Amino acid sequence: MTLVVALLLASTAASVNTSEVPRTWTEAAVKAFEVPLAKPLYSPVHISEQDYYRIPTRTIYRTYPVYHPSREPAGYQDFLKQQEPQIVFDPAKLKTSADWIAAGELVFNSPVSFAPVFFSAQDLRDPSFFEKTGMPVAKDGTIPFARWVIREKGKVELGSMGCNTCHTRVMPDGTAVPGAQGNNPGDRQGAYMLRRAAKFAPPEKLLAQVRTFAKQFEVPGLSDDPNRATASMTLDEILKAGETIPPGVTARSHTSMLLPPQIPDIIGVQERKFLDHTGLVRHGSIGDLMRYSTLVQDVIGLARYGDTPAAQPARPGQRYSDEQLYALAEYVYSLRPPANPNKFDETAVRGQKIFRREGCNTCHTAPLYTNNKLIPADGFEPPADHLRYFAISSKRVGTDPRYALQTRKGTGYYKVPSLKGVWYRGPFEHHGSVATLEDWFDPARLRDDYQRTGYTGPDGQGHAVKGHEFGLNLPAEEKKALIAFLRAL
Ligand code: HEC
Ligand code: HEC
């Protein structure tokens with residue numbers, strides 16, 4: 001037995017009992033866990049501890065894999081209809097940390113929605129849906145972004161919008177990698193479903209629905225809010241905007257449909273001090289990841305922004321229990337990258353020297369390949385007290401400041417992302433504006449007539465991807481070596 005295996009066994013044998021689970025939503029922790037927004041008066045004010053614990057908790061049922069229609073085992077749907085509902089998350093049964101991690105995997109894959117968001121049950125039974133939307137299928141024929149659930153015997157429901165829907169990547173060889181930058185084309189699928197609905201429903205009704213949905217992206221206190229454009233866009237324009245969002249980028253709740261964020265790789269998140277591209281959430285303990293998870297899935301719509309009331313009316317929703325959140329966070333911390341096929345060869349060694357020579361390591365500092373600092377976006381001056389409380393770099397990178405200034409996640413900063421795992425992810429930059437590392441280091445991306453290879457913006461026109469000019473002007477040979485080094489991380 002190697003030392004590593006021995007340590008792993010020792011750590012999985014460690015026992016954890018439910019009394020160690022931190023209380024997620026305490027008044028003090030919730031007050032401290034976010035960086036204020038660039039307009040601090042409009043920083044979110046979340047629901048109280050009392051109101052939070054009044055929300056009923058989610059029951060985690062046993063779920064079953066969804067197959068591509070041509071790959072489903074014979075009689076599978078009948079088999080599902082025969083199954084009894086089974087509640088599979090029971091904290092009393094969790095003893096070792098391995099038990100908690102396994103339970104966390106169930107939570108990660110467990111849906112929070114049984115209504116269609118990106119796709120319906122009918123879509124996933126229809127081969128043409130896969131062809132039309134480019135939905136990836138894993139090599140065993142499964143669709144790792146959704147699950148069948150039995151909450152009532154005889155009723156087979158499709159569940160989605162658990163963490164797996166956005167944070168699972170199907171690699172080119174068909175391996176599904178939980179935690180990696182997701183690649184289900186969710187927003188394109190959403191637009192596809194709405195276009196289909198438009199054939200049957202009155203267009204005014206659909207437009208009204210879509211505009212109500214888009215209201216969550218408007219930014220309180222921002223007079224020239226670009227997100228408000230949806231209020232005057234036609235249904236076709238809004239759907240086109242959705243169709244421009246590629247896999248790996250998504251208009252998550254309280255982000256933006258017209259300025260959507262890249263889905264980050266969450267493998268290795270344990271080592272990051274800030275969560276989200278704008279570093280909105282401080283990450284100092286497992287409790288912070290628990291708060292983050294319930295915030296984004298359960299209660300973000302209940303936040304008040306300064307004097308502006310919650311955009312979505314308080315709804316009788318559900319939340320994860322503290323034990324579910326603890327298990328989920330332990331699972332997320334346990335995620336490891338897939339085996340890297342790129343060798344640390346001579347070219348990569350040359351690239352490493354260039355990486356150091358070019359000063360990349362001042363921000364992307366080894367071994368995490370991030371210094372865990374926040375970089376002020378252009379147009380934002382960090383207030384003096386921020387320098388005391390948060391790790392802020394004196395340098396700037398000059399990338400598109402809009403996500404940091406004109407969204408509900410707008411702290412005025414971008415965090416320095418870790419470069420570990422760039423070989424299995426993309427598109428890159430906070431909007432996923434470029435598809436590959438080659439494009440990221442292509443000086444042509446600074447030009448106004450540049451055709452973007454990643455997210456193109458809501459009009460599909462492309463345009464320059466500004467800022468972060470590091471490494472752009474290296475000789476071709478050095479650039480190749482630099483990229484080989486990055487792909488070996
Ligand atoms: C609808 C898609 C979607 C779902 C569902 C989703 N996420 Fe995310 N997640 C995102 C996007 C997009 C971001 C980036 C948001 C930003 O930067 O403002 C993100 C960011 C994160 C981050 C921050 C990582 C970093 O390094 O900044 C963590 C951690 C995370 N998600 C965990 C989870 C967990 C755990 C779940 C399930 C409880 C979940 N997410 C569900 C889309 C999703
Ligand atoms: C002054 C700090 C700083 C320096 C120096 C720096 N970077 Fe970055 N890097 C950042 C920030 C901040 C981002 C995120 C910008 C954004 O999304 O708007 C980033 C993004 C990236 C990304 C995209 C990552 C992703 O997942 O989307 C890569 C790749 C990268 N940098 C590589 C490099 C290399 C290689 C160098 C040196 C040639 C370098 N960086 C120098 C701060 C820096």
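**Surroundings of ligand 1**

Of the 25 residues around ligand 1, those that come nearest are Cys 163, Cys 166, His 167, Asp 276 and Tyr 403. The model is predicted. By class, this shell holds 13 nonpolar, seven polar and five charged residues.

Ligand 1 carries an iron atom, and His 167 is its only protein donor. The donor atom is NE2, at 2.0 Å from the iron. In the chain, His 167 sits in the loop between α8 (163-166) and β5 (168-170). His 167 also has a polar side-chain atom 2.8 Å from a nitrogen atom of ligand 1.

Two further polar contacts involve oxygen atoms of the ligand. Tyr 403 places a polar side-chain atom 2.6 Å from an oxygen atom of ligand 1. His 277 makes its approach through the backbone: an N or O atom of its main chain lies 2.9 Å from an oxygen atom of ligand 1.

Helices also contribute to the shell. At least two shell residues come from α8, and at least two from α12 (286-299). The most is given by α12, with four residues.

The geometry of α12 was checked against its length. At 1.5 Å a residue, its 14 residues should span 20 Å. The C-alpha atoms at its ends are 19 Å apart, which agrees with that expectation. Burial was then considered, with under 20% relative accessible area as the cut-off. By this criterion 14 of the 14 residues of α12 are buried, so the helix is largely enclosed by the rest of the structure.

Definitions and conventions:
Residues numbered from 1 in each chain as written. Chains lettered and ligands numbered in written order. Predicted model: local features only at pLDDT ≥ 70, side-chain atom pairs only at ≥ 80, totals over all residues. Heavy atoms only, no water. Donors = N, O, S within 2.8 Å, 3.2 Å for Na, K, Ca; no water. Near = heavy atom within 4 Å. Polar contact = N/O pair within 3.5 Å; in protein donor to acceptor, adjacent residues only side chain to side chain. Nonpolar A, V, L, I, M, F, W, Y, C, P; charged D, E, K, R; others polar. Expected span 1.5 Å × (residues − 1). Buried < 20%, exposed > 50% of the residue type's maximum accessible area, 1.4 Å probe, protein only.
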